[in-house]
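Dear colleague,

I am handing over the structure below, together with notes on what was found in it. Please read the notes with the model open.

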Amino acid sequence: MPEAREAKFEGSVMLSIIVDTEGIPRNIKVIKGSKYGLTESAVEAVKQWRFKPGRKNGKPVRVRAVVEINFRLS
């Protein structure tokens, strides 16, 4: 990501994920990537996230979600 800062590049990355029954993101796929390493940084960040699992009839279920990560210079 230092390359993006140096180039003064802002962008966004869109990922498709499956949140498993324990709230862990799995099967991460890039829907819309970006340059300067932002795509890789977004995937690595999402791998560390934890979610509250979806529920159906009171039981945890796997859920597909789309996540957009915006990178902005401040």
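How much area does the chain expose, and what share of it do carbon and sulfur atoms supply? The chain exposes about 5200 Å², and carbon and sulfur atoms supply 49% of that area. Please keep in mind that this is a predicted model.

Overall form

The chain contains 2 helices and 5 strands. Read from the N terminus, the order of elements is α-β-β-α-β-β-β. The radius of gyration of the chain is 14 Å, whereas a compact globule of 74 residues would have a value near 11 Å. Along the principal axes, the C-alpha atoms fill a box of roughly 50 × 20 × 15 Å. Of the 74 residues in the chain, 30% are buried. Among contacts with a separation of 6 or more, 65% are between residues 24 or more positions apart. The chain carries 15 positive and 8 negative charges, and the mean positions of the two sets are 10 Å apart.

Serine 12 and its partners

Serine 12 belongs to strand S1. Is serine 12 buried or exposed? Its relative accessibility is 10%, so serine 12 counts as buried, the cut-off being under 20%. The side chain of serine 12 has two polar contacts to report. One joins it to the side chain of lysine 32 at 2.7 Å, and another joins it to the side chain of glutamate 68 at 3.5 Å. Not counting residues up to four places away in sequence, serine 12 touches Lys32, Gly33, Ser34, Glu68, Ile69 and Asn70.

Aspartate 20

Aspartate 20 sits in the loop between strand S1 (11-19) and strand S2 (25-32). Aspartate 20 also counts as buried, because its relative accessibility is 12%. A polar atom of its side chain lies 2.9 Å from the backbone nitrogen of isoleucine 24. With residues up to four places away in sequence set aside, aspartate 20 touches Arg26, Pro53, Val61 and Arg62.

Valine 30

Valine 30 is placed in strand S2. Valine 30 has a relative accessible area of 43% and is therefore partly exposed. Which residues is valine 30 in contact with, leaving aside its neighbours within four places in sequence? They are Met14, Leu15, Thr39 and Val43. For methionine 14, the C-alpha atom is 6.2 Å from that of valine 30, with the two positions 16 residues apart along the chain as the sequence separation.

Tyrosine 36 and asparagine 57

These two residues are taken together for their backbone angles. Tyrosine 36 is not a glycine, yet has a positive phi of about 60°. Asparagine 57, likewise a residue other than glycine, has a positive phi near 55°. Tyrosine 36 is in the loop between S2 and helix H2 (38-48), and asparagine 57 is in the loop between S3 and strand S4 (59-61). With a relative accessibility of 34%, tyrosine 36 counts as partly exposed. Asparagine 57 has 75% relative accessibility and so counts as exposed, since the cut-off for that class is over 50%. Tyrosine 36 and glycine 11 are 25 residues apart along the chain, and their C-alpha atoms are separated by 9.7 Å.

Arginine 55

Strand S3 (residues 54-56) includes arginine 55. The relative accessible area of arginine 55 is 55%, so the residue is exposed. What lies 2.8 Å from a polar atom of the side chain of arginine 55? It is the backbone oxygen of glycine 58. Beyond its neighbours within four places in sequence, arginine 55 is in contact with Pro60 and Val61. Val61 also appears among the residues that aspartate 20 touches. Arginine 55 and valine 43 are 12 residues apart in sequence, and the distance between their C-alpha atoms is 25 Å.

Best regards

Terms used. Residues numbered from 1 in each chain as written. Predicted model: local features only at pLDDT ≥ 70, side-chain atom pairs only at ≥ 80, totals over all residues. Heavy atoms only, no water. Helix = DSSP H or I, 4+ residues; strand = E, 2+ residues; numbered from the N terminus. Rg over C-alpha atoms; globule rule 2.2 N^0.38 Å. Buried < 20%, exposed > 50% of the residue type's maximum accessible area, 1.4 Å probe, protein only. Contact = heavy atoms within 4.5 Å. Areas by Shrake-Rupley, 256 points an atom, 1.4 Å probe, with all protein chains shown as cover. Lys, Arg positive; Asp, Glu negative; His and termini not counted. Charge placed at Lys NZ, Arg CZ, Asp CG, Glu CD. Polar contact = N/O pair within 3.5 Å; in protein donor to acceptor, adjacent residues only side chain to side chain.
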